[in-house]
Amino acid sequence: PNLYNLAAFTSEIGVNQTPFVMPPVLNLSSEKLDQKGIFLLDDGQTFLLWVGSAVDPNVLQSLFNIQSLSQVDPSNSQLQIVRLENELSQRVNNVLDRLRSGRTGYTWLYPMKEKDPYE
């Protein structure tokens, strides 16, 4: 499995250009999960999205169209990544598209926020 921080992109990550630059793969450790981050765990079949409790509200707005995690219902339905009209959303979606390419079937994304009962 690979772990990526989706809230800490450098200027070239996820930009639709050649060569395409992916975010760095992090060591698989719970110590890497920072309250200010949004992390994607890719096991090759599914994506698990973990959203930290202290993520910048601007990042929440850019990726999920919400201002605060308090707006998220118990099923985490507001934490789906959809393509919104802003640069961060486009770049994160480009990374997800790149990870999904070449796979058979669709790679589902399962979101959770920090301190969820399912965490």
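Let us start at L63, which touches I38, Q80, I81, V82, L84, L88, S89 and V92 once residues up to four places away in sequence are set aside. This is a predicted model, and L63 makes a good doorway into it. The residue is found in helix α1. With a relative accessibility of 0%, L63 counts as buried, because the cut-off for that word is under 20%. One of the residues it touches, L84, is 21 residues away in sequence, and the C-alpha atoms of L63 and L84 are 7.2 Å apart in space.

From here we can step out to the nonpolar core. The largest nonpolar core has 26 residues, and those with the most contacts inside it are L6, I38, L40, L49, V51 and F64. Two or more residues each come from β2, β3, α1 (57-64) and α2 (87-100). The largest share is that of α2, which gives five residues. As a general background, nonpolar side chains in soluble globular proteins tend to be buried together.

Now follow L40, one of the residues with the most contacts inside that core. Leaving aside neighbours within four places in sequence, L40 is in contact with N2, L3, Y4, L6, F47, L48, L49, L96, L99 and L109. In β3, L49 is the bridge partner of L40, and L49 is also among the core residues with the most contacts.

That brings us to the strands. β2 spans residues 38-42 and β3 spans 46-51. The two pair in the antiparallel sense, over five bridges. Together they form a hairpin with three residues between them, and in its turn G44 has a positive phi of about 95°. On another side of the pairing scheme, β1 (residues 2-5) runs antiparallel to β2 and is joined to it by four bridges. One example to find on the model is N5, whose bridge partner in β2 is F39. β2, then, pairs with β1 and with β3, and it is mostly covered, with four of its five residues buried.

Next, look at W50, which is found in strand β3. At 7% relative accessibility it counts as buried, since the limit is under 20%. Not counting residues up to four places away in sequence, W50 touches L33, D34, G37, I38, F39, M112, E114 and E119. Its contacts therefore include I38, given that heavy atoms within 4.5 Å count as contact, and I38 is one of the core residues with the most contacts. For a sense of distance, W50 and S62 are 12 residues apart in sequence, with 16 Å between their C-alpha atoms.

W50 also helps to line the largest pocket, together with L3, L28, S29, S30, L33, F39, L41, L48, M112 and E119. About 190 Å³ of space lies in this pocket. Its lining divides into eight nonpolar residues, two polar and one charged. β2 and β3 each supply at least two of the lining residues, so the strands of the hairpin have a part here too.

Which residues does N93 touch, apart from those up to four places away in sequence? They are I81, V82 and R83. N93 has its place in helix α2, and at 7% relative accessibility it counts as buried. Two of its contacts, I81 and V82, are also touched by L63, where our walk began.

Finally, some backbone details are worth a look. Most residues other than glycine have a negative phi, and most peptide bonds are trans. Against that background, N65 has a positive phi near 60°, and it lies in the loop between α1 and α2. N76 lies in the loop between α1 and α2 as well, and its phi is likewise positive, near 60°. At 2% relative accessibility, N76 counts as buried. The peptide bond from T18 to P19 is cis, with omega near 0°. P19 has its place in the loop between β1 and β2, the two strands joined by four bridges.

How values were computed: Residues numbered from 1 in each chain as written. Predicted model: local features only at pLDDT ≥ 70, side-chain atom pairs only at ≥ 80, totals over all residues. Heavy atoms only, no water. 1 Å grid on protein atoms, 1.4 Å probe; cavity = no way out; pocket = protein on both sides within 12 Å on 5 of 7 lines; lining within 4 Å. Points joined across faces, edges and corners; volume = space filled by probe spheres on them. Nonpolar A, V, L, I, M, F, W, Y, C, P; charged D, E, K, R; others polar. Core = buried A, V, L, I, M, F, W, Y, C linked by side-chain atoms within 4.5 Å. Buried < 20%, exposed > 50% of the residue type's maximum accessible area, 1.4 Å probe, protein only. Pairing = 2+ DSSP bridges.
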